[in-house]
Amino acid sequence: MAISSETRLVGRLNASWPVEHLRNHGVHLVVVLALVAYPGFYHLLTNSPVSAEAVAILPRMPTMIALLYFGLFAMSFDFISGYTGYLSFGHAAFYGTGAYFVILVANGKAPLLPAGTPFMVSLLLGGILAALLALAIGLVSFRLSGVYFAMITLGFSQVMYVFIRGWDYVASNPRDGPTVGSTHSEGFEIGVPYVDQLNLAIGSFSGEEVELFGHTLGTYTTSFYMVGLVVLVSYFALQRIVHSPFGRVMVAIRDNEERAEAVGYNTLVYKLGAFVISGFFGGIAGGLFAGYARSVTPENTFYFLTAGDALLASIIGGFGTLAGPLYGHLFDETIREFLSNAGLGGGLLPYLRQRLGEGVLGTEIFGGLTVEGFITAALNGHAALYVGLVFVLFVLYLPNGILGTLRQWLGGPVSKRVPELLRGLR
Amino acid sequence: MIPADIVALAGVESTLPVLQSGTSFLDGLGQFLSPEALVSVFVEGLAKSAIYVMIAAGLSLIFGLMGVLNFAHGTLTMIGAYLAGIVMVVLVGGATGQWGRVLAFFGALAVVFVLVGGFGGLVEVGLIRKLYDRPPIAQILLTFGVALVLEELARIIVLFYGLQPTSEWQEALGTKPAVLATRHSLGPLSIRGLALFEILLGFLTVVGIWAFLTRTRYGLFIRAGSEDAEMAEALGIDVRRVFTVVFALGAGIAGMAGAVLMWDQIWGANVPLAAETLLPAFVVVIIGGLGTFRGTVVGAIVVGMVDAVTTWWFVNVVTWTWLPDVAVFLVLVGMLILRPQGLYGVEEVGGH
């Protein structure tokens with residue numbers, strides 16, 4: 001054991017820094033490449049002999065785009081909740097702030113900002129606004145801990161939810177939420193602001209199509225890559241912070257706040273800092289959502305169950321692991337789509353309808369309930385049932401989530417242990 | 001928390017002429033300070049407090065003893081509302097007299113208490129018990145998952161029987177006897193019959209739980225367990241069994257609250273009732289202080305009164321639909337800032 005770690009150390013010292021860097025980020029590279037390849041992979045498989053199965057099982061492109069921006073939101077939630085141990089149950093407030101801000105700017109309703117403000121600028125400002133909100137909420141809330149902290153943040157976010165739902169300045173019908181109007185009919189562009197060549201618009205209808213090596217990338221694929229770019233940059237920023245001395249103090253606070261204080265850290269500053277960073281990226285995630293979807297509702301932004309979904313993703317993916325929530329949300333979304341999507345092209349229900357013959361579908365199970373009636377009742381729009389069951393099973397049997405369990409099993413962070421194990425095989 | 005059609009149902013509107021929006025603040029204040037308005041707001045406030053105390057009492061008991069913040073609490077209330085609705089619809093026909101209906105309602109209360117309480121006991125034994133040696137967050141998460149599953153199951157069943165999950169179950173509302181559906185005049189006042197009934201039930205709930213906690217041997221065990229579970233165990237109390245009983249009891253009370261809400265037009269039996277009752281229940285329990293029953297009662301009165309006063313203002317003076325809901329949560333935020341442990345809370349409970 002001692003010898004092997006020594007040779008590893010020598011090997012490390014000999015390698016030049018780019019190689020070393022690549023080695024540290026090898027797993028990241030694999031994941032990013034897999035995501036980059038996904039649209040092509042999906043396109044290939046859905047046009048192959050197994051297309052029916054591929055359509056049923058693989059998440060559709062819109063789902064994958066949602067995976068990216070909501071994954072970022074779940075990461076920002078996990079950044080504060082999983083790393084410092086302060087459950088931010090009102091995290092939806094930051095997501096909603098970013099989302100509403102982007103749409104208000106596009107509709108010319110934000111003070112001092114014209115409707116034509118580039119998306120990248122309004123996205124960043126939305127993030128900063130969310131960060132300021134986090135600062136204000138944090139200053140009050142970090143006097144509390146445990147259940148009380150979760151409840152006061154929940155209280156703040158519910159105040160904002162109810163308020164935004166009744167404020168007719170944001171939309172003509174605030175209960176249904178705002179939609180991007182005619183003042184910004186073109187798509188929201190991600191790239192370098194004010195340089196037209198370095199921008200690509202996102203959105204299912206308003207996005208751009210791109211010609212690349214003789215292939216046309218549709219609006220979904222373009223949106224997927226552009227949203228993915230922002231999420232990737234955000235992820236590396238968060239990852240950098242988690243592995244910095246600042247991140248170490250966050251973990252120290254989670255493990256034993258009194259001890260961290262006794263060692264000499266001003267824990268309030270660290271908690272506030274972490275909360276502000278987390279709020280900023282929560283706002284960015286909300287802004288990406290609004291930029292892609294172009295219309296938001298109070299329910300899918302400020303409502304406390306939006307933070308609940310981030311909690312689901314974090315627990316399933318691995319609480320206190322930064323990338324975990326992304327995988328958790330992928331798992332979550334795949335289940336939702338597979339078991340409850342009706343006729344939109346994906347999921348088990350259309351597949352079964354297509355594959356099972358009339359004879360089977362018409363068969364009575366009992367009391368007038370046919371097979372078709374049963375699968376329609378069970379597989380149409382009841383995703384929460386299955387997600388809830390999976391969630392309960394995770395809490396009971398895999399409390400560390402996907403990534404946490406993998407870590408435990410490998411004996412260290414996946415990005416470190418997998419290359420080491422591979423080297424051991426050689 | 002409060003549907004849009006509250007304007008028509010708020011119960012105070014017919015005691016006073018509804019003013020046009022744009023009424024000046026001072027006029028509104030003058031209206032509000034008239035004796036009739038004050039008394040009717042007070043009675044409405046008591047009725048709301050009664051509802052809040054019934055919703056929150058079970059949550060408070062469970063948290064006080066076990067430290068589990070039960071996210072499935074609202075879901076149990078929702079299930080209670082539907083169960084009571086089923087009992088009422090089956091028992092009550094068009095010919096059933098007024099007092100027969102009230103009698104049937106008490107029967108429904110008993111059925112709901114037994115069924116929902118029994119179910120709560122099963123959840124404790126089957127699921128939550130496995131997690132006592134884990135950090136407290138695991139139990140919160142578990143109840144959150146259970147709430148998701150139960151809510152969706154309820155939605156499936158309700159849809160299967162051709163009802164709309166998101167709107168109140170009208171047939172169950174229709175079993176309300178006329179004596180409760182109409183207004184009664186007491187001197188110069190006119191008061192909703194149901195408000196008086198709710199106040200009565202809330203009072204009985206509080207007295208019942210208080211008597212159980214302070215006058216029975218089992219209540220003694222519960223209070224001892226809340227104070228110091230290890231010490232209670234060392235003295236020979238089977239704390240695990242007490243946990244099960246308290247969880248079942250809390251669930252049963254949540255179910256009974258649902259039965260009452262089934263008759264109330266502002267709430268009614270519907271699936272979103274779960275989230276609509278869970279949040280105010282949290283607010284009430286936190287304002288009163290986690291783990292004290294006395295605090296929960298006072299918290300419910302505070303929230304009920306704030307709700308009634310702001311509802312009056314929104315109905316009669318201002319047009320801000322969000323006012324009552326925002327006010328309730330602002331009370332929570334304000335309380336947590338000024339006195340984090342709640343009105344009667346002990347510092348140590350809940351992670352201080």
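**Entry 1: chain A**

I started with how chain A folds back on itself: 70% of its contacts with a separation of 6 or more join residues 24 or more positions apart. Note to self: this is a predicted model. Next I looked up the secondary structure, and chain A has 20 helices and six strands. I also wanted its extent, and along the principal axes its C-alpha atoms fill a box of roughly 70 × 60 × 55 Å. Is chain A as spread out as a compact globule would be, or what radius of gyration does it have? I found 23 Å, and a compact globule with 426 residues would be near 22 Å, so the two agree. Of those 426 residues, 45% count as buried.

**Entry 2: chain B**

Then I moved on to chain B, which comes to 15 helices and two strands. Its radius of gyration is 20 Å, close to the 20 Å from the globule rule for 352 residues, so chain B is as compact as a globular protein of that length. I noted that its C-alpha trace spans about 65 × 50 × 35 Å along the principal axes. Buried residues make up 54% of the 352 in chain B. For contacts with a separation of 6 or more, 78% in chain B are between residues 24 or more positions apart.

**Entry 3: one helix up close**

I picked helix 4 of chain B, residues 73–91, and checked its length. At 1.5 Å a residue its 19 residues should span 27 Å, and the end C-alpha atoms are 27 Å apart, so that agrees. Helix 4 of chain B is also mostly covered, with 15 of its 19 residues buried.

**Entry 4: where the chains touch**

How many residues does each chain bring to the contact? I got 35 from chain B and 31 from chain A. On the chain B side, helix 6 (136–160), helix 13 (273–288) and helix 15 (323–338) each supply at least two residues. Helix 6 of chain B gives the most, with 13 residues. Sorted by class, the side of chain B that touches chain A has 25 nonpolar, five polar and five charged residues.

**Entry 5: the core**

Last stop was the largest nonpolar core, which has 233 residues. Among the members that touch the most others are Y69(A), V227(A), M54(B) and V303(B). Helix 3 of chain B (residues 35–66) gives the most to this core, 18 residues. I followed Y69(A) further: leaving aside neighbours within four places in sequence, its contacts include V231(A), L288(A), F289(A) and Y292(A). A reminder for me: nonpolar side chains tend to be buried together in soluble globular proteins.

Methods: Residues numbered from 1 in each chain as written. Chains lettered and ligands numbered in written order. Predicted model: local features only at pLDDT ≥ 70, side-chain atom pairs only at ≥ 80, totals over all residues. Helix = DSSP H or I, 4+ residues; strand = E, 2+ residues; numbered from the N terminus. Expected span 1.5 Å × (residues − 1). Buried ≥ 20, exposed ≤ 12 C-beta atoms within 10 Å, placed from the backbone. Rg over C-alpha atoms; globule rule 2.2 N^0.38 Å. Contact = placed C-beta atoms within 7 Å. Nonpolar A, V, L, I, M, F, W, Y, C, P; charged D, E, K, R; others polar. Core = buried A, V, L, I, M, F, W, Y, C linked by C-beta atoms within 7 Å.
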